[in-house]
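Hi everyone, thanks for letting me take a few minutes today. I'd like to walk you through one structure, so please have the sequence and the 3D view ready.

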Amino acid sequence: MVVMFYLMFFLVMSFFIVTFARMIGEWIKNSNSPRLTVDATVVAKRDQMHRHTSSNGHSHRSYSYHVTFQFTSGDRLELRVPSHEYGLLVEGDVGTLTFQGKRYLSFNRKY
């Protein structure tokens, strides 16, 4: 039984360490990427709900918001955007997208 406890503890800790290392790696990669500003069109939007349940049974929901941009070359890039900007972006909007790696920085519409 003790061996099983240590095995489960090791597996859970390994999961958290690997997840944390990936997050740090992505942050470093984004920070070392050039900051680009390109013409783009909003072609798709999606939101994703994450449900979290605490040990006392309380449930909590959080959302992440993603927008797919298409460049004049035809390439597409999906970026996670803040909720306050997600609501302002509409499919078909044309403007200039500023991003760094996979980090969304801004989108300025052309009117």
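Let's begin with a polar contact: a polar atom in the side chain of Q100 sits 3.0 Å from the backbone oxygen of S33. Before we go on, please keep in mind that this is a predicted model.

Where are these two residues? Q100 belongs to strand β4, while S33 is found in the loop between α1, residues 2–32, and β1, residues 35–53. Is Q100 buried or exposed? Its relative accessibility is 11%, and under 20% means buried, so Q100 counts as buried.

Now look at who surrounds Q100. Setting aside neighbours within four places in sequence, Q100 is in contact with N30, S31, S33, P34, R35 and L105. Take S31 from that list: Q100 and S31 are 69 residues apart along the chain, yet their C-alpha atoms are separated by 7.2 Å.

S33 has its own contacts. Its side chain reaches the backbone oxygen of K29 at 2.8 Å. Not counting residues up to four places away in sequence, S33 touches Q100 and G101.

Staying in this area, click on N30, which lies in helix α1. Which backbone atom does the side chain of N30 come up to? A polar atom of that side chain lies 2.8 Å from the backbone nitrogen of K102. Once residues up to four places away in sequence are left out, N30 touches Q100, G101, K102 and R103. N30 has a relative accessibility of 7%, so it counts as buried too.

Let's stay with helix α1 for a moment, because M13 is there as well, and M13 is partly exposed at 36% relative accessibility. M13 is one of the residues in a nonpolar surface patch of about 990 Å². The others in the patch are V2, F5, Y6, F9, V12, F15, F16 and I17. Try colouring those residues in your viewer to see the patch.

Next, the inside. How many residues are in the largest nonpolar core? There are 15, and the ones with the most contacts inside it are V67, F69, L79, L89, L97, Y104 and F107. Several elements each give two or more residues to this core: β1, β2 (59–71), β3 (76–81), β4 (94–100) and β5 (103–109). Of these, β2 gives the most, with 4 residues.

F69 is a good residue to click on here. Leaving aside neighbours within four places in sequence, its contacts include V42, V43, L77, L79, L89, L97, Y104 and F107. A40, T41, D75 and R76 are also in contact with F69.

For contrast, go to S59, which is also in strand β2. S59 has a relative accessibility of 48%, so it counts as partly exposed. With neighbours within four places in sequence left aside, S59 is in contact with R51, H52 and T53.

My last topic is charge. Side chains of opposite charge can pair when their charged atoms come close. In this model the count comes to 3 salt bridges, and we can visit each of them.

One is between K110 and D39, with the closest N and O atoms 2.9 Å apart. This pair links distant parts of the chain, since K110 is in the segment after β5 and D39 is in strand β1, 71 residues apart. K110 is partly exposed, with a relative accessible area of 47%, and D39 counts as partly exposed at 37%.

Another is between R46 and E78, where the closest N and O atoms are 2.9 Å apart. R46 lies in strand β1 and E78 in strand β3, so this salt bridge ties together parts that are 32 residues apart in sequence. R46 is partly exposed at 35% relative accessibility, and E78 is partly exposed at 37%.

The remaining one joins D93 and R109, the closest N and O atoms being 3.0 Å apart. D93 is in the loop between α2 (83–86) and β4, and R109 is in strand β5, 16 residues away along the chain. Which of the two labels, buried or partly exposed, fits D93? With 15% relative accessibility, D93 counts as buried, whereas R109 is partly exposed at 26%.

That's my tour. Thanks for listening, and I'm happy to go back to any of these spots with you.

Terms used:
Residues are numbered from 1 along each chain as its sequence is written. This is a predicted model: local features need pLDDT of at least 70, side-chain atom pairs count only at pLDDT 80 or more; totals for chains, interfaces and linings use all residues. Side-chain values use heavy atoms; hydrogens and water are left out. A polar contact is a pair of N or O atoms within 3.5 Å; within protein, one must be able to donate a hydrogen and the other to accept it, and residues adjacent in sequence count only if both atoms are side-chain atoms. Contact means heavy atoms within 4.5 Å. Patches are made of residues with over 30% relative accessible area and no salt bridge: like charges are joined within 9 Å, nonpolar side chains (Val, Leu, Ile, Met, Phe, Trp, Tyr) within 5 Å. Accessible areas come from the Shrake-Rupley method with a 1.4 Å probe; for residues, only the protein chains shown count as cover. A salt bridge is a side-chain nitrogen of Lys or Arg within 4 Å of a carboxyl oxygen of Asp or Glu. Buried means under 20% relative accessible area, exposed over 50%, partly exposed in between (1.4 Å probe, protein chains only). A nonpolar core is a set of buried Ala, Val, Leu, Ile, Met, Phe, Trp, Tyr and Cys residues joined through side-chain atoms within 4.5 Å.
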